[in-house]
Amino acid sequence: MALSQIAAQGLVLLGCGKMGSAMLAGWLSEGLPASSVWVIEPHPSDWLRGTGVHLNQPLPDAPAIVLVAVKPQMMGDALPVLQALGNGETLFVSVAAGTAIATYEEVLGESTPIIRAMPNTPAAIGRGITALIGNTHAAEDHLSLAETLLAAVGQTVRLDHEGQMDAVTGVSGSGPAYVFHLIETLAAAGEAQGLPADLALQLARATVAGAGALAESAEESPAQLRVNVTSPNGTTQAALEVLMHEDEGFPNLLHRAVTAATERSKELSRG
Ligand SMILES: NC(=O)C1=CN([C@@H]2O[C@H](COP(=O)(O)OP(=O)(O)OC[C@H]3O[C@@H](n4cnc5c(N)ncnc54)[C@H](OP(=O)(O)O)[C@@H]3O)[C@@H](O)[C@H]2O)C=CC1
Ligand SMILES: O=C(O)[C@@H]1CCC=N1
């Protein structure tokens, strides 16, 4: 099914904060007409008001997809509004962290096709990645429908089982924040070495963006690309000896960070 077919039946977006807006911006720029989107959002931003979507208006009877993008803590209040669309043709896709498929089945009905997805904010510029897993009522058609929608804002991957979702959240869902923090801290380190703040930020931002693009397009592995930068006994080697330190280096730090995110995702799903 193409994006135009989703447009014909309608798309409902429940919650349009940071993640909902990132995806909506991507869909609109990919040609999804604003007139085919219904958004339920208690405090719409000026940007959202300006898009021309149906805002807080009565919903269509059988939209192709309802996408749920409210905070996990808001789910109990938000989901019942959609109950009438459950147990029907409409596919539900939720991007909420730490909210199990079973939670949606309880509210929407067990025969509702439900897909749990974990996107990330680069979706706003079509460079996201979304992992998906469906319930037993999500057939191949439903999965490819969700993939059509989410592929419009980046890559998609299917998971083998729902248990992988916590770690996915820790790696790619939260991951953009780690990279933005890397840019901030690389710039601050440059400033500490005497560079003007704006120059340090320009260097850090372009370096992370360029290295990311190279890592994605090059045939070599990230490890080989790292070696390519590292002259024997040169400047990079001096830095990597700090970053690759067994206890205080990047591997241990990132391992702890991803573990903390994964554990928090598990904790959220316990309620
Ligand atoms: N931000 C990210 O990078 C990612 C987020 N996610 C998931 O996406 C979901 C949304 O996160 P995020 O966008 O960051 O959070 P935000 O708080 O920015 O967005 C949630 C939006 O939902 C609105 N809302 C609250 N209650 C209701 C309701 N009853 N009906 C409709 N809308 C409601 C909120 O309004 P108000 O602010 O007025 O309460 C807010 O605008 C979360 O479940 C999160 O786990 C997944 C991947 C990445
Ligand atoms: O921080 C969070 O809980 C959400 C889920 C992944 C990214 N943001």
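This report describes the fold, the domains, the ligand surroundings and selected residues of a predicted single-chain model.

## Overall architecture

The chain contains 12 helices and eight strands. Along the principal axes, its C-alpha atoms occupy a box of roughly 65 × 40 × 35 Å. Of the 271 residues in the chain, 32% are buried. Among contacts with a separation of 6 or more, 66% join residues that are 24 or more positions apart.

The chain is divided into two parts, domain 1 (3-165) and domain 2 (175-269). Their C-alpha centres are 32 Å apart. Where domain 1 and domain 2 meet, eight residues of domain 1 are in contact with five residues of domain 2. The side of domain 1 that touches domain 2 is made up of four nonpolar and four polar residues, with no charged residues.

## Annotated regions

UniProt, in an unreviewed entry, lists residues 12-98 as "domain: Pyrroline-5-carboxylate reductase catalytic N-terminal". In the model, the stretch 12-98 is 25% helix and 20% strand. The C-alpha atoms at the ends of this stretch are 21 Å apart.

The feature "domain: Pyrroline-5-carboxylate reductase dimerisation" is placed by UniProt, also in an unreviewed entry, at residues 162-268. Here the chain is 79% helix and 0% strand, and the end C-alpha atoms are separated by 14 Å.

## Surroundings of the ligands

The shell around ligand 1 has 26 residues, of which Gly15, Gly17, Ala78, Ala96 and Ala97 come nearest. By class, this shell comprises 15 nonpolar, seven polar and four charged residues. Two helices, α2 (18-29) and α4 (75-78), each contribute at least two residues to the shell around ligand 1. The greatest contribution to that shell is made by α2, with three residues.

Around ligand 2 are Ala97, Thr169, Gly173 and Ser174. The shell around ligand 2 divides into one nonpolar and three polar residues, and no charged residues are present in it. Ala97 is listed both among the residues nearest ligand 1 and among those around ligand 2.

## Helix α2

The length of α2 can be checked against its residue count. At 1.5 Å a residue, the 12 residues of α2 should span 16 Å, and the end C-alpha atoms are 17 Å apart, so the two values agree.

The buried residues of α2 are Met19, Gly20, Ser21, Ala22, Met23, Leu24, Gly26 and Trp27. The elements that cover these buried residues include β1 (11-14) and α3 (46-51). Just after α2, Gly31 adopts a positive phi of about 105°.

## Selected residues

Most residues other than glycine have a negative phi. Asn56, which is not a glycine, nevertheless has a positive phi of about 50°. Asn56 is located in the loop between β3 (54-55) and β4 (65-68). A positive phi is also found at Asn233, a residue other than glycine, where the value is near 60°. Asn233 belongs to the loop between α10 (222-229) and α11.

Two further residues lie in helices. Arg264 is part of helix α12 (residues 250-269), and Val242 is part of helix α11 (residues 235-243). The exposure of these four residues is set out below.

| Residue | C-beta neighbours within 10 Å | Exposure |
|---|---|---|
| Asn56 | 10 C-beta atoms | exposed |
| Asn233 | 7 C-beta atoms | exposed |
| Val242 | 10 C-beta atoms | exposed |
| Arg264 | 16 C-beta atoms | partly exposed |

Arg264 is classed as partly exposed because 16 C-beta neighbours lie inside 10 Å, whereas a residue counts as buried at 20 or more and as exposed at 12 or fewer. Val242 has 10 other C-beta atoms within 10 Å and is therefore exposed.

Distances along the chain and in space can also be set side by side for these two helical residues. Arg264 and Thr169 are 95 residues apart in sequence, and their C-alpha atoms are 9.7 Å apart. Thr169 is also one of the residues around ligand 2. For Val242 and Tyr104, which are 138 residues apart along the chain, the C-alpha atoms are separated by 46 Å.

Conventions: Residues numbered from 1 in each chain as written. Chains lettered and ligands numbered in written order. Predicted model: local features only at pLDDT ≥ 70, side-chain atom pairs only at ≥ 80, totals over all residues. Near = placed C-beta within 6 Å. Helix = DSSP H or I, 4+ residues; strand = E, 2+ residues; numbered from the N terminus. Nonpolar A, V, L, I, M, F, W, Y, C, P; charged D, E, K, R; others polar. Contact = placed C-beta atoms within 7 Å. UniProt positions renumbered as here; feature names shortened; annotations may be inferred. Domains from an automatic or database assignment. Expected span 1.5 Å × (residues − 1).
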